[in-house]
Amino acid sequence: NGRTGTRLGGMWSTLIVAQVAVAVAILPAAVFMTWYVMRMEFIGRSVVVDRIVLANMVLSDETSARDERVVKGRQDELMARLRREPGVRAVTYSSAVPGLGPDRRLEFQPTTKVREADAVDVASFRIDVDLLQVYDTRLLAGRAFEARDLGNPRAAIVNRTFVDDLLEPSTAPLGTQFRYASNAPGGTPSDWYEIVGVVDDFPGLPRAPGAGGEPTVYHPMQSGAAHPAVLSIDIGETPAASITQRVREISAEIDPSIQMQRVVPLSSFYNDQRAAFQSMALAVGIVTAAVLLLSAAGVHAMMSFVIAQRTREIGIRSALGAQPRHLLFGILQGAMRQLALGIAAG
């Protein structure tokens, strides 16, 4: 009857609006992930990746892990032993896997001319003073970290994308000060840091020509200050398998409580990250396509229902001389309204 048809039409309308809203909401993520995966597939990565082995150093003994002096002693001894290994060219460390640092909210002084007035997200690393040189990261302006910076924790180095994306061209990056916003509402922000150098974007991850990386900040860090610590071992042309085995053997000789987690070539680690991102992109793409198909099917079903309900009305209006385009507009305007509501909500 008419009342049932009205209820059915209302349910279909609500469902279509919801489906379109979901599709519009997740479509940007699907497009971004597809573009990023394509970029990783077709843009080659730096050769630096092929000569670095990663190793996460963790002390299983909780008492030792809480004592920075103990962590420093174990880390320094492990790195010294590794540097003496045949085929090892350099050993350095960082607080996170280079190129994949955690994001932090950053803000500038009010007098600094920036592209965005609000706080922005940047990747933040604490690193050994030699890490950027080991990874062949080119210095563009200012200076690299030095041993004296270990006693000056306010010194910072930023990458090219940081300067290009966040600072106005008239702003000289060297000497610019910034701080990190508190994660907690109403919390206290960090002290101010000063930019002493600008380096090229990190060479490990693939970058499309003309496409920058993520705005990144580097801070100097003494050994033992981070637990767990990520060691980067430059092995040159040495087979990675022989080094990964020696890393575990040497750590066990120094202290059985040292656990070397994820001792893998950096290329393998990045490949795993890429595979995970590809799986995520595929899942989002499938969900997006399914929602779009359901939305199209819903619009088709709704239009069929409307036409079936209005067949008599359409016939009468046509007999009275109504123009076909007016009839068509009258039928489609309901669907267009649903699509517009769904897009706006999404």
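**Salt bridges, cores and enclosed spaces in the predicted model**

In the predicted model, Arg51 has a relative accessibility of 12% and counts as buried, because buried means under 20% relative accessible area. Asp234 is likewise classed as buried, since its relative accessible area is 5% and the limit for this class is 20%. The side chains of these two residues, Arg51 and Asp234, form a salt bridge with an N to O distance of 2.5 Å. This salt bridge connects distant parts of the chain: Arg51 is found in the loop between helix H1 (2–42) and strand E1 (52–59), whereas Asp234 belongs to strand E10 (residues 229–234), and the two residues are 183 residues apart.

In total, 17 salt bridges were counted in the model. A further example is formed by the side chains of Arg179 and Glu107, at 2.7 Å from N to O. Arg179 is located in strand E7 (residues 177–180) and Glu107 in strand E3 (residues 103–108), so this pair ties together parts that are 72 residues apart in sequence. With a relative accessible area of 23%, Arg179 is partly exposed, and Glu107 is also partly exposed, at 24%. These values fall in the partly exposed class because that class lies between the limit for buried residues, under 20%, and the limit for exposed residues, over 50%.

The salt bridge between the side chains of Arg154 and Asp191 has an N to O distance of 2.8 Å. Here both partners are in loops: Arg154 lies between strand E5 (139–142) and strand E6 (155–159), and Asp191 lies between E7 and strand E8 (193–199), so parts of the chain 37 residues apart in sequence are tied together. Arg154 is partly exposed, at 31% relative accessibility, and Asp191 is partly exposed as well, at 47%. Some of the salt bridges share partners, and in this way Arg51, Arg89, Asp136 and Asp234 are joined into one network.

Two further residues illustrate local surroundings. Thr176 is situated in the loop between helix H5 (160–166) and E7. Thr176 counts as buried because its relative accessibility is 6%, which is under 20%. The side chain of Thr176 reaches the backbone oxygen of Ala172, at 2.8 Å. When neighbours within four places in sequence are left aside, the contacts of Thr176 are Phe108, Thr112, Leu167, Thr171, Tyr193, Glu194 and Ile195.

Arg81, by comparison, is part of helix H3 (residues 68–83), and its relative accessible area of 23% makes it partly exposed. Not counting residues up to four places away in sequence, Arg81 touches Ile250, Glu253 and Ile254. The C-alpha atoms of Arg81 and Val91 are separated by 10.0 Å in space, and the residues are 10 apart in sequence.

In soluble globular proteins, nonpolar side chains tend to be buried together. In this model the largest nonpolar core has 26 residues, and the members that touch the most other members are Tyr135, Tyr218 and Leu266. Two or more residues of this core are given by each of E1, strand E4 (120–127), helix H4 (131–134), E6, E8 and helix H7 (266–309). One of the three residues named above, Leu266, is in contact with Val49, Ile52, Val53, Leu54, Val97 and Tyr135, residues up to four places away in sequence not being counted. A separate core of 24 residues lies apart from the largest one, and its members include Val53, Val88, Met221 and Ile235.

Open and closed spaces were also examined. The second largest pocket encloses about 330 Å³ of space. Its lining consists of 18 residues, and those nearest the centre of the pocket are Arg104, Arg126, Tyr193, His219 and Pro220. At least two lining residues of the second largest pocket come from each of E4 and strand E9 (216–220). E4 makes the greatest contribution to this lining, with 3 residues.

The count of cavities of 30 Å³ or more comes to 1. The largest cavity has a volume of about 30 Å³, and its lining is formed by Ile127, Asp128, Val129, Leu131, Leu132, Gln133, Ala144 and Phe145. H4 contributes the most to the lining of the largest cavity, giving 3 residues. H4 is also among the elements that supply two or more residues to the largest nonpolar core.

Methods: Residues are numbered from 1 along each chain as its sequence is written. This is a predicted model: local features need pLDDT of at least 70, side-chain atom pairs count only at pLDDT 80 or more; totals for chains, interfaces and linings use all residues. Side-chain values use heavy atoms; hydrogens and water are left out. A salt bridge is a side-chain nitrogen of Lys or Arg within 4 Å of a carboxyl oxygen of Asp or Glu. Helices (H or I, at least four residues) and strands (E, at least two) are DSSP runs, numbered from the N terminus. Buried means under 20% relative accessible area, exposed over 50%, partly exposed in between (1.4 Å probe, protein chains only). A polar contact is a pair of N or O atoms within 3.5 Å; within protein, one must be able to donate a hydrogen and the other to accept it, and residues adjacent in sequence count only if both atoms are side-chain atoms. Contact means heavy atoms within 4.5 Å. A nonpolar core is a set of buried Ala, Val, Leu, Ile, Met, Phe, Trp, Tyr and Cys residues joined through side-chain atoms within 4.5 Å. On a 1 Å grid over the protein atoms alone, a cavity is a set of points where a 1.4 Å probe fits but cannot get out, and a pocket is an open set with protein on both sides within 12 Å along at least five of seven lines; lining residues have an atom within 4 Å of a point. Grid points are joined across faces, edges and corners, and a volume is the space filled by probe spheres set on the points.
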